[in-house]
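Dear colleague,

I am passing on the structure below, together with an account of what turned up when I went through it. Please read the notes with the model open beside them.

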Amino acid sequence: MGGLLEGKTILITGIITDASIAFRAAAIAQEQDATVLITGIPERLRLIDRIAKRLPKEVPPAIGLDITNEDDLNALAGKVRELAPQGLDGVLHSIAFAPRTLMGPEAKPFLEGPGPDAAKAFEISAWSYASLARAVLPVLNEGASLVGMDFDPRTAMPYYNWMGVAKAALESVNRYVAREVGEAKRARSNLVAAGPIKTLAAKAIAGTATDDAAKLNQLNEYWDGASPIGWNVDDPTAVGKSIVALLSDWLPATTGSIVYVDGGASHNTWLPESFN
Ligand SMILES: NC(=O)c1ccc[n+]([C@@H]2O[C@H](COP(=O)([O-])OP(=O)(O)OC[C@H]3O[C@@H](n4cnc5c(N)ncnc54)[C@H](O)[C@@H]3O)[C@@H](O)[C@H]2O)c1
């Protein structure tokens with residue numbers, strides 16, 4: 001029997017290291033027999049092509065795509081067509097960014113987050129899901145599947161601040177994208193709400209540079225404790241597999257939706273051991 005994605009061509013955005021969620025998704029998609037194309041931020045294409053050599057199968061050179069650059073967005077469908085005249089059956093949006101004032105060691109308190117910086121976080125982390133959908137629409141095959149990456153924003157949490165607001169916006173953007181790609185191509189659009197995974201982006205969630213590792217460990221401990229089945233920040237396999245499941249034909253009636261891949265931690269109240 002062939003893999004889950006046999007015969008499908010998938011465009012994967014968001015690889016920057018081999019710890020990127022997008023890297024794991026690309027690897028599992030290839031193991032499931034997909035043909036994979038990748039994009040990367042234009043200023044890091046050589047690095048991204050080097051990282052991509054670690055995938056199980058060869059991929060064409062990464063297509064340069066700064067998700068905020070209209071020229072890149074307008075050129076995307078043509079570049080995909082050159083590499084894959086058969087069109088796309090799936091697309092992964094695995095992109096997020098917030099300026100230093102909003103996340104990381106120099107971040108200001110939530111109330112002092114500058115408006116233009118919050119707008120930048122919104123542009124790259126939420127609006128861009130719609131702009132990617134628009135850019136790929138001409139090369140999207142009937143019944144294709146779009147997937148974006150979420151971090152459950154239903155409650156406020158330390159450090160995540162304006163990125164949490166951007167993720168809440170992304171959830172709404174996803175529902176509107178689902179309407180239009182559904183109508184245009186009977187395509188589906190869904191988000192995977194992942195638990196914390198140790199990537200470049202996650203370091204920003206953890207806060208200050210000096211105690212990054214300790215904070216990530218604390219977050220992991222919390223998540224692992226809150227999850228009825230356990231959680232491991234070092235293993236993005238469950239997230240990658242779930243992305244591939246959504247890209248496959250096995251969730252054919254799910255769209256505009258969110259699949260929680262966080263060990264169930266967001267659906268469980270955690271209290272310290274001493275409470276038991
Ligand atoms: N790591 C986690 O704990 C976690 C949890 C839930 C959701 N997510 C989400 O998963 C997605 C991928 O993040 P990751 O954790 O793999 O981190 P990562 O740092 O490996 O990936 C983030 C990607 O965003 C790309 N990017 C940033 N600005 C861009 C721009 N202007 N144009 C194009 N690409 C741009 C970066 O190049 C990078 O490849 C993000 O949406 C993130 O919010 C991450």
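**Salt bridges**

Glutamate 123, with a relative accessibility of 23%, counts as partly exposed, and I begin with this residue because 23% lies between the limits of under 20% for buried and over 50% for exposed. Please keep in mind throughout that this is a predicted model. The partner of glutamate 123 is lysine 120, with which it forms a salt bridge whose closest N and O atoms are 3.0 Å apart. Both residues belong to helix α4, where a spacing of 3 residues separates them by about one helical turn. Lysine 120 also counts as partly exposed, at a relative accessibility of 32%.

How many salt bridges are there in total? The count comes to 8, and among them are two that link separate loops, described next. In one of these, the side chains of arginine 54 and aspartate 18 meet at 2.9 Å, taken from N to O. Arginine 54 sits in the loop between α2 (45–52) and β3 (63–64), while aspartate 18 sits in the loop between β1 (9–12) and α1 (21–31), so this pair ties together parts that are 36 residues apart in sequence. Aspartate 18 is partly exposed, its relative accessible area being 35%.

Another salt bridge joins aspartate 234 to lysine 198, with 3.4 Å between the closest N and O atoms. Here aspartate 234 comes from the loop between α7 (212–226) and α8 (237–247) and lysine 198 from the loop between β6 (188–194) and α6, so that this pair, too, ties together parts that are 36 residues apart in sequence. Lysine 198 is partly exposed, with 33% relative accessible area.

**The ligand and its surroundings**

Which residues come nearest to the ligand? Of the 26 residues around the ligand, these are Gly14, Ser20, Lys167, Ile197 and Thr199. By class, the shell is made up of 18 nonpolar, 5 polar and 3 charged residues.

Backbone atoms of three isoleucines can be picked out at short range. Isoleucine 21 has a polar backbone atom 2.9 Å from an oxygen atom of the ligand, and isoleucine 67 places a backbone N or O atom 2.9 Å from a nitrogen atom of the ligand. For isoleucine 197, which is also one of the residues that come nearest to the ligand, the distance from a polar backbone atom to a ligand oxygen is 2.8 Å. Taken on its own, the ligand has 820 Å² of accessible area, and the protein covers 93% of that area. The elements giving two or more residues to the shell are β5 (140–150) and α6 (200–206), and α6 supplies the largest share, with 3 residues.

**A nonpolar patch on the surface**

Phe110, Leu111 and Val165 together make a nonpolar surface patch of about 310 Å². Phenylalanine 110 lies in the loop between β4 (88–93) and α4 (115–136), whereas valine 165 has its place in helix α5. Both are partly exposed, phenylalanine 110 with a relative accessible area of 33% and valine 165 with a relative accessibility of 39%. Along the chain, valine 165 is 37 residues from alanine 202, and the C-alpha atoms of the two are separated by 16 Å.

Helix α5, which spans residues 161–185, also holds arginine 175. This arginine is partly exposed at 42% relative accessible area, and its C-alpha lies 18 Å from that of leucine 140, a residue 35 positions away in sequence.

**Positive phi angles**

Where would I look at the backbone geometry? Tyrosine 159 has a positive phi of about 75° although it is not a glycine, and arginine 186, likewise a residue other than glycine, has a positive phi near 50°. Tyrosine 159 is found in the loop between β5 and α5, and arginine 186 in the loop between α5 and β6. With regard to the surface, tyrosine 159 counts as partly exposed at 35% relative accessibility, while arginine 186 is exposed, with a relative accessible area of 66%.

With best regards

Conventions
Residues are numbered from 1 along each chain as its sequence is written. This is a predicted model: local features need pLDDT of at least 70, side-chain atom pairs count only at pLDDT 80 or more; totals for chains, interfaces and linings use all residues. Side-chain values use heavy atoms; hydrogens and water are left out. Patches are made of residues with over 30% relative accessible area and no salt bridge: like charges are joined within 9 Å, nonpolar side chains (Val, Leu, Ile, Met, Phe, Trp, Tyr) within 5 Å. Accessible areas come from the Shrake-Rupley method with a 1.4 Å probe; for residues, only the protein chains shown count as cover. A salt bridge is a side-chain nitrogen of Lys or Arg within 4 Å of a carboxyl oxygen of Asp or Glu. Helices (H or I, at least four residues) and strands (E, at least two) are DSSP runs, numbered from the N terminus. Buried means under 20% relative accessible area, exposed over 50%, partly exposed in between (1.4 Å probe, protein chains only). A residue is near a molecule or strand if one of its heavy atoms lies within 4 Å of it. A polar contact is a pair of N or O atoms within 3.5 Å; within protein, one must be able to donate a hydrogen and the other to accept it, and residues adjacent in sequence count only if both atoms are side-chain atoms. Ala, Val, Leu, Ile, Met, Phe, Trp, Tyr, Cys and Pro count as nonpolar, Asp, Glu, Lys and Arg as charged, and the others, Gly among them, as polar.
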